[in-house]
Amino acid sequence: NVQTPSLPYLKGKKVLVTAGPTREIIDPVRFLSNRSSGKTGFAIAQAAKAQGAEVTLVTGPVELPTPPGVERIDVTSAKDMFDAIAPLYDDADLVIKTAAVADYTPDETFAHKVKKSDGDLNINMVRTVDILGELGRRKDKQILVGFAAETKNLAQYAEKKIQEKNLDMIVANNVNEKGIGFASDDNKITIFRRDSERIEYDKQSKEDLADRLLEEIQPLFKGDGE
Ligand code: CTP
Ligand code: CA
C-alpha cells in the first residue's frame, strides 16, 4: 500500500499543522529547547496543501522554507504556540501536531543576562500547557492527530496518549534508532488508531511518510456528509 492519495480529498478542509521545537526563554541569551527540526511538520503541511486543504502551519524556530500556498505563523514558546492555535481550532477540520512542545518552562524569565557566581545555579521549571490535551478536551468535529517521540515502550506510551489526549490517531517513532527521527531526513513510524490495528512503516523520507499519513487519515473523514 504505497499509493499517494489521488483525489484532492482535503479540498475545502481547514488543516492546522504544528511543527518544530519550542523555545523557553531563560534570559536574553539563553533558552531551553529540543532537537526537533520541523521537517516532518513542514512535509505534512505541503502534502495537505497538495490534497487541496487550506493549511495553516504554526511553527517554532526552524530553518525551513515555507511550503508554497501554506499560511505560516511563527511562534517561540509553548504558550505562544497555544495562543496561536486556540483561535483557529474551532474552524479546523484536521489538526496534526508534530511540534515538540516543551513540557516545562522556567518560572521566571530574566530581563538581563544571568551572570555567573561561584555557587550552582538552580532554575525552577514549571509545567507548560498540554496543548494537544487541551484541544482533546475541546474537541468537537475536529480530527486530532498527535505525534510521540519515544526512546522505549513505544506502543504503551502511544496508546496511553491516544486515550488521555482524546486523539483519533497517534504517530510514534523511536528516537533512539540511528538515522531516523529528530533532524534526520528519514523516519520510521508506527501509526496507532483508536479502533484498529497499528501500522508499522519501513524507514522512508519524511515527504513519503507525510503522504502515507494522509492516506491513513482519509477514512476518518468518511461520514461527515460530504
Ligand atoms: N504536546 C502538546 N503540548 C505539550 C506537550 C506535548 O501539544 N505541552 C503534544 C505534542 O505536540 C505531541 C503530543 O502532545 O503531538 C505528544 O507529545 P509527547 O511529548 O510525546 O507527550 P507528553 O504528553 O508531553 O508526554 P511525555 O513527554 O512525558 O512523553
Ligand atoms: Ca513531552
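Before I start, one definition: a residue is near a molecule if its C-beta atom, placed from the backbone, lies within 6 Å of it. Thanks for coming, everyone, and please keep in mind that this is a predicted model.

Let's begin with ligand 1. There are 14 residues around ligand 1, and those that come nearest are Lys97, Val101, Ile131, Leu132 and Gly146. If you are wondering about chemistry, the shell divides into eight nonpolar, two polar and four charged residues. Helix H3, residues 131-137, and strand S9, residues 143-150, each supply at least two residues of that shell. Which of the elements gives the largest share? That would be S9, with four residues.

Now, on to the annotations. The UniProt record, an unreviewed entry, places the feature "binding site" at Asp103, Lys113, Phe147, Lys161 and Lys165. These positions span 63 residues in sequence, and the farthest two C-alpha atoms are 37.6 Å apart, so they do not all gather at one spot.

Let me pick two of them, starting with Phe147. Phe147 sits in strand S9, the strand we just met. Is Phe147 buried or exposed? Phe147 is buried, because 26 other C-beta atoms lie within 10 Å, and the cut-off for buried is 20 or more. Beyond its neighbours within four places in sequence, Phe147 is in contact with Lys97, Thr98, Ile170 and Val171. You may remember Lys97 from the residues that come nearest to ligand 1.

The second one is Lys161, which belongs to helix H4, residues 154-164. Lys161 is buried too, with 21 other C-beta atoms within 10 Å. Setting aside neighbours within four places in sequence, its contacts are Gly146, Ala148, Leu167 and Ile170. So Ile170 turns up in contact with both Phe147 and Lys161.

Let's stay with helix H4 for a moment. Buried in H4 are Ala158, Lys161 and Ile162. Why do we say that they line one face of the helix? Seen down the axis of H4, the buried residues fall within an arc of 105°, so they share one face. As a reminder, an α-helix has 3.6 residues a turn, so residues three or four places apart point the same way. What do the buried residues of H4 pack against? They pack against S9, strand S10, residues 169-174, and strand S12, residues 190-193. On the other side of H4, Gln156 and Gln163 are exposed.

One last detail for those who like backbones: just after H4, Asn166 takes a positive phi of about 60°.

That's my tour, and I'm happy to chat.

Note on methods:
Residues numbered from 1 in each chain as written. Chains lettered and ligands numbered in written order. Predicted model: local features only at pLDDT ≥ 70, side-chain atom pairs only at ≥ 80, totals over all residues. Nonpolar A, V, L, I, M, F, W, Y, C, P; charged D, E, K, R; others polar. UniProt positions renumbered as here; feature names shortened; annotations may be inferred. Buried ≥ 20, exposed ≤ 12 C-beta atoms within 10 Å, placed from the backbone. Contact = placed C-beta atoms within 7 Å. Arc of directions from axis to C-beta.
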